[in-house]
Amino acid sequence: MTAPAPAPMPAPATPIRVLIADDQEMVRTGFRFFLDAQPDMTVVAEAADGEEAVTLARQVRPDVCLLDIRMPRLDGLEATRLLAGPGVEDPLRVVVVTTFDLDEYVYGALRGGACGFLLKDSGPTLLAEAVRAAAAGDSLVSPSVTVRLLKHLTEKEETHTRRTAAAPSLADPLTDRELEVVRLVALGRTNAEIATELFVSLSTVKTHLSSVQVKLGTRNRVEIAAWAWQHGQVNPA
């Protein structure tokens with residue numbers, strides 16, 4: 001007798017509501033087609049420029065905004081600051097989806113409040129994972145992009161001298177284990193990869209990250225990675 005096929009995973013009662021902003025209609029259509037096919041997501045708005053994206057985002061309050069960097073009328077950098085930047089009351093979660101992996105505009109978007117970024121050629125699976133991570137208050141950044149971008153910008157800021165590898169003075173210093181976690185985040189490791197590498201549980205990694213965010217005054221793992229690169233805490237092979 002043939003065993004019955006497993007029942008499909010039920011969709012959550014409240015799907016993740018997504019706004020897509022990109023000046024290329026083909027990109028918006030592709031993103032919508034894939035995200036709407038996910039059982040836990042629904043696209044609630046589309047915008048062809050940054051100004052429209054900000055207006056729609058404030059009206060519909062999506063769970064996650066996917067913003068391109070280079071858009072007419074208002075670029076994604078400024079749109080990100082308006083929706084998620086410092087001082088914004090009840091900020092939205094923004095993920096930058098861009099073609100420019102070493103573009104300083106991307107770094108500016110992250111500093112302006114974006115919780116992550118992807119390259120447009122990262123593939124649909126990573127796109128869905130980034131949306132889920134942002135909705136959960138986490139972030140997903142392509143490991144190679146994290147390392148290349150932050151290393152590039154850190155070296156640019158350092159002029160002729162290297163920063164010391166010693167951690168800067170903090171009111172509540174990071175523990176040795178927290179520093180290990182910070183360095184792995186800066187190298188683009190996921191929480192699961194950090195847990196495996198340090199031989200600890202996933203919940204322990206999340207606890208360390210929560211503590212690190214409080215001590216550094218950072219809002220997400222992207223800012224943790226930026227802090228590590230800016231203060232000479234990363235020595236990639």
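Me: What is the volume of the second largest pocket, and what makes it a pocket?

Reply: Its volume is about 230 Å³, taken as the space filled by probe spheres set on grid points joined across faces, edges and corners. A pocket is an open set of points on a 1 Å grid over the protein atoms alone, where a 1.4 Å probe fits and protein lies on both sides within 12 Å along at least five of seven lines. The model is predicted: local features need pLDDT of at least 70 and side-chain atom pairs pLDDT 80 or more, while totals for chains, interfaces and linings use all residues. Residues are numbered from 1 along each chain as its sequence is written, and side-chain values use heavy atoms, without hydrogens or water.

Me: Which residues line this pocket, and how do they divide by class?

Reply: Of 14 lining residues (an atom within 4 Å of a point), Leu92, Arg93, Gly113, Cys115 and Asn220 are closest to the centre. The lining holds seven nonpolar, four polar and three charged residues. Ala, Val, Leu, Ile, Met, Phe, Trp, Tyr, Cys and Pro count as nonpolar, Asp, Glu, Lys and Arg as charged, and the others, Gly among them, as polar.

Me: What makes β4 and β5 a pair?

Reply: Pairing requires at least two DSSP bridges, and β4 (residues 94–98) has four with β5, in the parallel sense; so the two count as paired. One bridge joins Val97 to Leu118 in β5. Strands are DSSP runs of E with at least two residues, and helices runs of H or I with at least four, numbered from the N terminus.

Me: Which strands are at the edges of the open sheet?

Reply: In the order β2-β1-β3-β4-β5, β2 (41–47) and β5 (116–119) each pair on one side only.

Me: Why are α7 and α10 called roughly perpendicular?

Reply: Their axes cross at roughly 100° and come within 8 Å. Axes are lines fitted to C-alpha atoms, for helices over the stretch in contact, with angles from 0 to 180 degrees between N-to-C directions. Roughly perpendicular covers 65 to 115 degrees, so α7 and α10 qualify. Their contact (heavy atoms within 4.5 Å) has nine nonpolar, no polar and one charged residues.

Me: How do you know that α8 and α9 have the relation "roughly perpendicular"?

Reply: The axes of α8 (residues 191–198) and α9 (residues 202–216) cross at roughly 110°, so that label applies here too. Among the residues that meet are Ile194 in α8 and Leu209 in α9.

Key:
Parallel < 35°, antiparallel > 145°, perpendicular 65-115°, else oblique.
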